[in-house]
Amino acid sequence: MTDTLVPAGSEQAPKRLFIKTYGCQMNVYDSERMADVLRPLGYAETDTPDDADFVILNTCHIREKAAEKVYSELGKLKELKQAKAQASGAAMTIAVAGCVAQAEGEEIMRRQPAVDLVVGPQAYHQLPELLTRTARARGERIGADFAPVDKFDALPAERGGTGVTAFLTVQEGCDKFCTFCVVPYTRGAEWSRPVIKVLEEARALAARGVREVTLLGQNVNAYDGEGPDGTPWTLARLAYALAEVPGLDRIRYTTSHPNDMGEDLIAAHADLDALMPYLHLPVQSGSDRILRLMNRKHGRQKYFDLIARIREARPDLALSGDFIVGFPGETDQDFEDTLDLVRQVRYASAFSFMYSPRPGTPAAGMAKQIEPEVAKARLHQLQALLLEQQVAFNASQAGRVLPVLFEKKGRHGAQAIGRSPYLQSVHVEEADHLIGRIVPVEVVSGQQNSLTGRLIADASDHNAESKAA
Ligand code: SAH
Ligand code: SF4
Ligand code: F3S
């Protein structure tokens, strides 16, 4: 029977799915997985809401601005939905997913009647079922119960996409409760995926041509997933196993908490070639007093000691971080301590934010909230220093030969853009035949946000050859 070869649903016209993603890399991963879940229902992704049958906003609640963007976007989508209904009678379903959905689902439904359904970060595997139900009645809100295990079990093994780099969530949730942060409330308790499942997904990615995987978790270095032997494995142990997956040549992980940086993970940086020498290790503040108020559970000296040990293990490792300025009670001296920490550590790149009071977090109720003008001035000063360090780091790469993983075509001619071990974009002329390969590149110059490189005579794919042998 030939018709058994035709996949179910393929006789229907393809339905179009538009997903807009806000926030962190985990949301990027989740958006890809939502597309994977909906593909068997006949949904193909489109890059504009204009022709979409189904629009998902995958939202972020971390700062007030991020959350408010959702409501203004929903306002625009409502107009589009109405215009489409009037012009052609076509229906457009609107869903809000992600951390705003989790934190204020009811408010979304109340403030924006055009929204058909709201789904939290632990429930998006139920989208197919929710879609059939909302065809009958609006107002579904799913997700308050945190059971990431159900979600990951329900996700399809296949992963769409075409790139040579990919995200892979291995850990979700947070038990740290920093006093400024909503993540423990939106993502739930810390939970790690079993090793077997992670390896399965990594093999599927490698089979699709992925050569660099970034392991994701809100506290990824707290990973303690069940190993094949029934005992919990650390992130370091997982990294060694992943390095054995044929085709996977580069492993990164983010975001790490200083208190979960185990000795075996530091040692892995010394002896695992696949582990990239680049580490995102947020400290948030350089002031012991503020760190205490933030409930970060470590002081500045512990951070300095940790970085010294990591650099001893892997001297060429580059660091990035996150900072918050204007936390309640932050004095000029506290801020000076942050600048001092930055000067001592020397970051390759870093993110810095103005403190944003979040509903339900302890810091939002603290006395001595900082005037926005003061916080803004501090942010500018910190960002100027961090930018100076980033520019200096990029410039310092000139003359070095770095292995570059070519990812995509550049803007003109046969130019290609790749990634250095330090996550910098590297622009190389006459290199578009090398996409998907890791090739030594001589860095000619470093700019603010990228490097310019040139191919050296013997441009063979070392990693691939050693793996294939
Ligand atoms: N799990 C990670 C980061 C999660 S959120 C960690 O522990 O480091 C990403 C970054 O957003 C944080 O590192 C912090 O710098 C920033 N952030 C979180 N809550 C914030 C708030 N209320 N105001 C401003 N920045 C915030
Ligand atoms: Fe938020 Fe702190 Fe958890 Fe990071 S460790 S997600 S900043 S509560
Ligand atoms: Fe935002 Fe949620 Fe990520 S609040 S930063 S999308 S975990």
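Which side chain meets that of Arg-187 in a salt bridge? In this predicted model, the partner is Asp-30, and the N to O distance is 2.9 Å. Arg-187 belongs to helix α6 (residues 183-187) and Asp-30 to helix α1 (residues 25-38), so their pairing ties together parts that are 157 residues apart in sequence. Both residues are buried.

The wider setting of this pair is the division of the protein into domains. Domain 1 covers 15-146, domain 2 covers 150-396 and domain 3 covers 401-461. Between the C-alpha centres of domain 1 and domain 3 there is a distance of 37 Å.

Arg-187 appears again in the surroundings of a ligand. Ligand 3 has around it Cys-24, Asn-27, Thr-59, Cys-60, His-61, Ile-62, Cys-99, Arg-187 and Gln-218. Sorted by class, this shell consists of four nonpolar, four polar and one charged residues. Ligand 2 has a shell of its own, with Cys-174, Lys-176, Phe-177, Cys-178, Phe-180 and Cys-181 among its members. Val-183, Pro-184, Asn-219, His-257 and Arg-296 also belong to the residues around ligand 2. In this shell, seven residues are nonpolar, two are polar and two are charged.

The discussion now returns to charged pairs. Side chains of opposite charge can pair when their charged atoms come close. In this model the count of salt bridges comes to 32. One of them joins Asp-51 to Arg-16, with 3.8 Å between the closest N and O atoms. Asp-51 is placed in the loop between β2 (43-45) and β3 (54-59), while Arg-16 is in strand β1 (residues 15-21), so this salt bridge ties together parts that are 35 residues apart in sequence. Asp-51 has a relative accessibility of 32% and therefore counts as partly exposed. Arg-16, with a relative accessible area of 37%, is likewise partly exposed.

A further salt bridge is formed by the side chains of Arg-111 and Glu-68, at 3.6 Å from N to O. This pair links distant parts of the chain, 43 residues apart: Arg-111 lies in helix α3 (residues 98-111) and Glu-68 in helix α2 (residues 64-88). Arg-111 is partly exposed because its relative accessibility is 40%, and Glu-68 is partly exposed at a relative accessible area of 35%.

Salt bridges can also share partners, as a group of residues in this model shows. Glu-32, Arg-33, Asp-36, Arg-39, Arg-159, Arg-193 and Glu-201 are joined in this way into one network.

Terms used. Residues numbered from 1 in each chain as written. Chains lettered and ligands numbered in written order. Predicted model: local features only at pLDDT ≥ 70, side-chain atom pairs only at ≥ 80, totals over all residues. Heavy atoms only, no water. Near = heavy atom within 4 Å. Nonpolar A, V, L, I, M, F, W, Y, C, P; charged D, E, K, R; others polar. Domains from an automatic or database assignment. Salt bridge = Lys/Arg side-chain N within 4 Å of Asp/Glu carboxyl O. Helix = DSSP H or I, 4+ residues; strand = E, 2+ residues; numbered from the N terminus. Buried < 20%, exposed > 50% of the residue type's maximum accessible area, 1.4 Å probe, protein only.
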